[in-house]
Each structure stands twice: as structure tokens, then as C-alpha cells.
Amino acid sequence: MGITWFWLVAIMLTVYVLLDGFDLGAGAIHLLVAKTDEERRQVLASIGPVWDGNEVWLIAAGGTLYFAFPALYASGFSGFYLPLMIVLWLLILRGSSIEFRNHIKSKVWNPLWDFLFFASSLLLAVFLGAALANVVRGVPLDASGYFFEPLWTNFQLGDEVGILDWYTILVGVFALAAVTFKVQPQLRENLTTLPLGLILPLLAVVGLAGVQFELIKRDERKAFFASCLYITGMLTSVVFGVFPMVLPARNPIYSLTVNGAKASDYGLKVGLIWWVVGMMLAAGYFIFVYRSFAGKVSVEKDGHGHGY
């Protein structure tokens with residue numbers, strides 16, 4: 001049951017990255033592609049109906065993590081307390097900037113909301129990517145099962161590293177794992193033992209190439225699905241690479257594994273029934289929402305029905 005829940009959590013996090021990823025992307029390029037007020041309203045309208053709903057998957061993944069792997073939840077959330085608080089504030093600032101721009105129409109305030117939307121979206125992508133990189137690299141867990149890392153130290157690899165260094169920022173900014181085999185040897189070991197896992201990074205490469213190919217053809221729909229394939233391949237490669245660890249430690253003997261961090265098998269079996277029901281309802285709702293708001297956006301109204 002532990003392995004089943006390990007992949008369920010991984011799937012939920014992947015869905016969150018896929019859905020909220022284009023929201024963050026819209027914010028990160030907001031000031032670059034939208035020069036006029038009308039263009040900026042159009043960017044906001046493109047995510048208006050779905051941006052807050054997409055974040056439900058992050059909350060659901062956190063709740064599932066708490067239920068299925070309580071030891072991982074306790075260690076990870078205490079050790080990453082500082083960056084998690086930063087992420088929380090960035091989520092608040094992003095939501096506030098979207099809503100206030102709609103409700104407070106002012107030539108004085110609009111530039112502030114636009115900047116906050118841009119900065120919070122960009123920094124969220126960096127911090128979420130850095131969090132993933134820290135998990136891949138390993139954290140300074142000890143025999144107590146807890147750890148602490150400063151936000152940064154000297155930005156170099158070694159024993160005294162912080163949450164932000166050249167590797168984690170590289171992953172956060174470019175979403176690349178090209179230095180990862182040196183940082184986390186478990187990835188190489190898993191791929192050597194189970195060569196079938198090479199399909200996952202291959203999917204990422206195919207997806208990335210597909211994005212470029214479809215953009216040249218100006219097929220936006222296929223380009224979007226190709227980007228989804230790239231993100232899915234990249235994230236599942238990471239999950240496959242660190243398995244059976246759920247939180248790698250610098251000292252491998254202290255790493256949290258699936259069997260060491262999971263809840264009781266009875267609780268996991270009962271919880272699986274409710275998880276399936278809940279996910280069916282959530283998936284049905286999201287399919288309905290995305291179909292209802294399909295098509296090109298209009299700058300006349302946002303996703304909540306309010307005029308700009």
C-alpha cells in the first residue's frame with residue numbers, strides 16, 4: 001500500500017504542476033508580453049476561471065501526504081518551514097494582486113498589482129523548483145528524523161549548503177536536472193537497475209522537442225499538450241530516480257523510505273476508498289470547469305463574471 005500511495009501523491013503533485021504551471025507562467029511573462037492595459041487584462045482573463053481552483057490540487061496533495069506519510073510530513077514541513085512560509089506569502093500576494101486589480105480600478109494601483117502578480121508568480125516557480133531540487137539532492141536529516149537548513153549559505157555544493165544554491169536555483173529557473181546525477185547518485189542506480197525507467201526522461205525530451213515543433217506550426221493546442229508531456233516526464237523521472245526514498249538524506253542511513261514513513265496498512269486501505277471517491281468528484285468538477293470556459297478569452301469579463 002505504501003508504494004501505491006507514493007505514486008498517488010506523485011500523480012497529484014504532477015497534476016498541480018500541470019494545472020497551476022500555466023497560471024504561474026502567465027504571471028511570470030505578464031509584464032513582458034502585455035504592454036497595454038487591455039493586453040494585461042487579457043492575460044488575467046485567460047486564467048481567471050481556473051487559477052484558484054488549480055491550487056486545490058496542492059492543498060489536496062499536502063493533505064494526502066499528511067495522511068499517507070506522516071513521518072515525511074513532519075520532517076519535511078518542519079525542515080522547510082522558512083521556504084514554505086515564503087511560498088505561502090507568495091500565494092497570498094498572487095491571489096491578492098489578481099483580485100484587487102479587478103475590484104480596485106486605479107491608474108495608481110494597477111501598476112502595483114501587475115508587478116506583484118509578475119513577481120509572485122516568478123518567485124513561486126523558482127521556490128517550488130528549488131524545493132524539488134532540495135528533495136532530489138537530499139536534506140541533512142539526522143537520527144532524530146528532523147533537519148534544518150538556512151535559506152542560503154555560500155551557494156556552493158558541500159556539507160554546509162542552504163535551501164538556495166546554484167543547483168537548486170538552476171532547477172528552479174530552468175527546470176533542468178542535467179547536474180542531478182552527480183548530486184543524487186540514487187538516480188543513476190535506479191536507471192541502471194531498471195533501464196525501463198529511461199522511458200520517463202525520454203518522454204521529457206520528446207515533449208520539449210514537441211513544444212518547439214508545434215510552435216513553429218502555430219498549433220497552440222498541441223504545443224500545450226507537448227509541454228504537459230515534458231513536465232510529466234521530468235517529474236516522474238525524479239520520482240522514479242529517488243524511489244524508494246521519500247525524503248533523501250545527505251547521510252543515506254537516515255533517509256526516509258516509503259516503508260519507514262508510511263501510515264498503517266489498514267488506514268491506507270480504508271483511506272484509498274475515500275481518496276478514489278474524492279478524486280472522481282474533483283476530476284469531474286475540473287473537467288466541467290475547463291469545458292465551460294474553453295476557447296479564446298474575452299477582456300470584457302473575468303472568470304468570476306466581473307467586468308474589467
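Where do Phe-115 and Phe-118 both lie, and how many residues apart are they? Both sit in helix α8, three residues apart, or about one turn of the helix. Keep in mind as you look around that this is a predicted model.

Let's stay with those two rings for a moment. A pair of aromatic rings is described by the distance of the centres and the angle of the planes. Here the centres of Phe-115 and Phe-118 are 6.4 Å apart with 50 degrees between the planes, which makes the pair tilted. The two partners don't share the same kind of setting: Phe-115 is partly exposed at 45% relative accessibility, while Phe-118 has 18% and counts as buried because the cut-off is under 20%.

Now slide along to Trp-113, also in helix α8. Its ring pairs with that of Phe-100, and this time the pair is stacked, at 5.1 Å centre to centre and 20 degrees between the planes. Phe-100 belongs to helix α7 (residues 81-103), so this pair ties together parts that are 13 residues apart in sequence. Trp-113 is buried, at 9% relative accessibility, whereas Phe-100 is partly exposed, with 38%. These are part of a wider set: the whole structure holds 14 aromatic pairs. Elsewhere, Trp-57, Tyr-285, Phe-286 and Tyr-290 come together as one aromatic cluster.

Back on helix α8, which spans residues 110-137, you'll find Ser-121. With 0% relative accessibility, Ser-121 is buried. Setting aside neighbours within four places in sequence, the residues in contact with Ser-121 are Asp-23, Leu-24, Gly-27, Ala-28, Arg-94 and Leu-116.

Next, the nonpolar interior. In soluble globular proteins, nonpolar side chains tend to be buried together. The largest nonpolar core in this model has 31 residues, and the ones with the most contacts inside it are Trp-5, Phe-69, Leu-72, Leu-141, Val-246 and Leu-247. Two or more residues each come from α1 (2-28), α5 (56-68), β1 (245-247), α14 (258-261) and α15 (265-292). Of these, α1 gives the most, with eight residues.

Trp-5 is a good place to zoom in. Not counting residues up to four places away in sequence, Trp-5 touches Thr-64, Phe-67, Ala-68 and Phe-69, along with Leu-268, Gly-271, Leu-272 and Trp-275. There is also a second, separate core of nine residues, including Leu-24, Phe-127, Ala-130 and Leu-164. You've met Leu-24 already, as one of the contacts of Ser-121.

Definitions and conventions:
Residues numbered from 1 in each chain as written. Predicted model: local features only at pLDDT ≥ 70, side-chain atom pairs only at ≥ 80, totals over all residues. Heavy atoms only, no water. Helix = DSSP H or I, 4+ residues; strand = E, 2+ residues; numbered from the N terminus. Buried < 20%, exposed > 50% of the residue type's maximum accessible area, 1.4 Å probe, protein only. Contact = heavy atoms within 4.5 Å. Phe/Tyr/Trp six-rings, centres within 6.5 Å; stacked < 30°, edge-to-face > 60°. Core = buried A, V, L, I, M, F, W, Y, C linked by side-chain atoms within 4.5 Å.
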